[in-house]
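Colleague: I'd like a close look at the empty space in this one, meaning the pockets and cavities and what lines them. Please set the scene with the overall fold, and take your time.

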Amino acid sequence: MEHASLTQLEQRLMEHIKTLYPDVNALNFVKECLDTFGLEPNAPPPQPHRNPWSQEDAVLITYGDTLRSDNEPPLQTLHEFLRSQLRHCISIVHILPFFPYSSDDGFSVMDYTTVNPALGDWEDTAAFTREFKVMGDLVINHCSSRSLWFENYKSGQTPGADYFVEAAPDTDLSQVVRPRTSPLLREVATADGVRHVWCTFSHDQIDLNFRNPQVLLEFLRILRLYLDKGVRWFRLDAVAFLWKVPGTSCINLPETHEMIRLLRLLIEHRAHDAVIITETNIPNHENLTYFGNANEAHLIYNFSLPPLLINSLVTGSCEYLKKWLMSMPPAQQGTTYLNFIASHDGVGLRPTEGLLSEWELDALVSTMQKFGGKASARTGPDGQPKFYEINISLWNALSGTVQHGPDHLGFARYLCAHAIMLALEGVPAFYIHSLVGTENDHERVEHTGQFRSINRHIWRQQDLEQALQGDGHHPKVFAAMQKLIATRKRQKAFHPNATQYTLHTGDALFSFWRQSQDRMQSIFAIHNVSDQPQTINLAELNLISTDQWFDLISEQAFEDRVGQIILRPYQYIWLTNVRL
């Protein structure tokens with residue numbers, strides 16, 4: 001195969017290969033990659049800068065066994081709940097790792113190619129793909145110490161003998177950025193003697209060596225399988241840590257970005273509707289780099305949103321949230337943000353670096369602890385522990401304020417948080433427990449010994465059904481959330497890539513303007529983030545006098561373009577000139 005005869009896909013792939021693997025025969029390895037991935041060299045390219053999402057899209061984040069019932073695989077129970085209760089408002093389902101695993105609730109994968117039999121089988125996942133877009137996790141940085149690969153590594157067999165990152169114990173690794181406090185290296189007895197393997201997260205999660213091109217081929221086989229099974233949205237878990245170079249921070253390295261570009265190139269050519277999401281729980285300015293030049297992630301998690309939004313609602317001031325929003329660049333066409341407030345993990349605090357002071361961060365953590373939460377730490381550059389994340393259910397996190405503690409405004413505060421998330425530029429993602437207002441699960445924390453279990457409650461299907469039909473907060477939350485999502489879905493100005501401008505309406509009112517891509521619809525989204533009534537002068541908004549203005553939430557018409565509006569504590573309005 002001569003260079004002149006290469007297709008555009010082959011040429012682009014070869015450039016990535018030369019950068020990552022300068023010692024391999026690039027021509028041969030390009031062919032091997034394409035063959036492994038089941039991709040023809042002349043496969044047509046995807047349409048550039050296409051937005052495969054709209055304001056009608058919303059993501060549900062859930063474990064495969066969040067709902068359980070007797071005598072039925074959990075994936076079937078979950079599917080039936082989504083079909084009967086959420087099909088009209090959820091279009092994308094992120095089923096957290098559903099493979100056999102040894103720890104970390106699925107993120108220590110033993111076998112990437114099979115469904116955990118405790119959850120169901122591939123036919124059960126296929127049932128989701130027939131009615132929803134399915135997001136799957138590619139746990140790419142590490143695998144389980146109980147995987148076949150690692151067993152083979154210890155015995156010197158293939159595949160696996162050279163799949164893991166080794167380092168001598170006297171290597172200077174002081175610059176390595178870690179999300180944990182455990183020792184980075186784990187001592188392992190192998191057929192070739194004692195070795196020390198790299199463990200970014202835990203000693204059961206052994207980091208994979210992507211310097212070995214065979215590891216890339218393994219993951220191309222895995223991605224091909226997932227595509228064949230109908231998965232189209234791919235969450236690259238912990239991808240920021242992928243490439244290791246001793247003497248560096250080993251996070252966000254150029255080779256990591258190059259690898260993401262390579263994976264996107266192949267995935268998009270094989271499935272034009274495929275989408276890549278990078279999970280990079282890091283400071284905001286670093287997180288933004290994973291868009292690349294619209295050639296890396298299609299979506300990046302808006303990791304700064306959860307801590308800043310929660311902080312705004314418990315302090316009554318959106319000062320820092322507003323400053324952050326003003327600094328956020330509009331996403332290029334073909335890319336957007338994934339907005340969320342809660343997930344299976346805790347509320348990450350690294351994304352507040354440079355945004356909240358140490359004093360403000362300490363006050364936030366202290367308040368969350370008073371509301372029943374826990375705080376996890378990591379080892380900082382100075383060797384001292386630093387807060388890494390807050391572990392708490394969102395319902396409890398928003399149960400009160402810094403100044404006064406728990407109060408009677410939790411429900412209003414909770415809805416205000418989600419109204420803000422739904423109105424922002426990007427695709428909204430809801431943790432299943434947020435949709436029903438699940439509370440802190442202290443019993444599960446005691447059972448597992450893991451702080452993150454506080455927000456990983458497992459519902460018995462019958463118990464959840466009873467809760468949603470009862471007189472507590474669960475049915476109120478569930479109904480209100482669905483109504484909010486339904487309202488958003490009808491508004492073109494809430495398209496993930498519609499124009500957004502931050503408004504200056506004081507620290508107690510978090511406000512921004514959205515405009516549809518056809519410029520026909522405007523929405524002024526105004527949210528009182530405080531526990532006190534707030535007044536806004538409509539004259540500040542410069543409403544077009546020839547348009548009719550309505551609040552999408554209350555359905556109230558506003559004839560007076562220069563009058564005043566008094567917003568109750570945590571009340572919000574979505575003021576629009578087009579009622580859809």
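Modeller: Happy to! Among the contacts in the protein chain with a separation of 6 or more, 70% join residues 24 or more positions apart, a contact being heavy atoms within 4.5 Å. Please keep in mind that this is a predicted model, in which local features need pLDDT of at least 70 and side-chain atom pairs count only at pLDDT 80 or more, while totals for chains, interfaces and linings use all residues. Numbering runs from 1 along each chain as its sequence is written, and side-chain values use heavy atoms, with hydrogens and water left out.

The chain contains 17 helices and 27 strands; these are DSSP runs (H or I of at least four residues for helices, E of at least two for strands), numbered from the N terminus. Its radius of gyration is 24 Å, close to the 25 Å that the globule rule gives for 580 residues, so the chain is as compact as a globular protein of that length. That radius is taken over C-alpha atoms, and the rule is 2.2 Å times the number of residues to the power 0.38. Along the principal axes, the C-alpha atoms fill a box of roughly 75 × 55 × 50 Å. Of the 580 residues, 62% are buried (under 20% relative accessible area; exposed is over 50% and partly exposed in between, with a 1.4 Å probe and protein chains only).

Now to the spaces themselves. On a 1 Å grid over the protein atoms alone, a cavity is a set of points where a 1.4 Å probe fits but cannot get out, whereas a pocket is an open set with protein on both sides within 12 Å along at least five of seven lines; lining residues have an atom within 4 Å of a point. Points are joined across faces, edges and corners, and a volume is the space filled by probe spheres set on them.

The largest pocket has a volume of about 520 Å³. It is lined by 21 residues, and Asp-104, Arg-180, Gln-450, Phe-451 and Arg-452 are the closest to its centre. Two elements give two or more residues to this lining, strand E14 (374-379) and strand E15 (385-391), and E14 has the largest share, with three residues. By class, the lining of the largest pocket holds six nonpolar, nine polar and six charged residues. For these classes, Ala, Val, Leu, Ile, Met, Phe, Trp, Tyr, Cys and Pro are nonpolar, Asp, Glu, Lys and Arg charged, and the others, Gly among them, polar.

The second largest pocket holds about 370 Å³ of space. Here 22 residues form the lining, with Pro-46, Pro-48, Arg-264, Glu-268 and Ala-294 closest to the centre. Helix H1 (8-20) and helix H7 (254-270) each supply at least two of the lining residues, and H7 gives the most, with five. The class split for the second largest pocket is seven nonpolar, 10 polar and five charged.

Turning to enclosed space, the structure has five cavities of 30 Å³ or more. The largest cavity has a volume of about 220 Å³, and of its 17 lining residues Phe-201, Asp-237, Ala-238, Glu-279 and Asp-345 are the closest to its centre. Its lining divides into five nonpolar, five polar and seven charged residues.

The second largest cavity contains about 100 Å³ of space. Its lining has 14 residues, of which Phe-303, Phe-340, Ser-343, Asp-345 and Gly-346 lie nearest its centre. Asp-345 is thus listed close to the centre of both the largest cavity and the second largest cavity. Helix H9 (305-315) and strand E13 (347-348) are the elements that give two or more residues to the second cavity's lining. By class, that lining has six nonpolar, five polar and three charged residues.

One last check concerns the cysteines. The whole structure has zero disulfides (a disulfide being a pair of cysteine sulfur atoms within 2.5 Å). For Cys-199, the nearest cysteine sulfur belongs to Cys-143, 10 Å away, and Cys-199 is buried at 0% relative accessibility. Cys-318 is also buried at 0%, and its sulfur is 10.0 Å from the closest cysteine sulfur, in Cys-416, too far for a bond.
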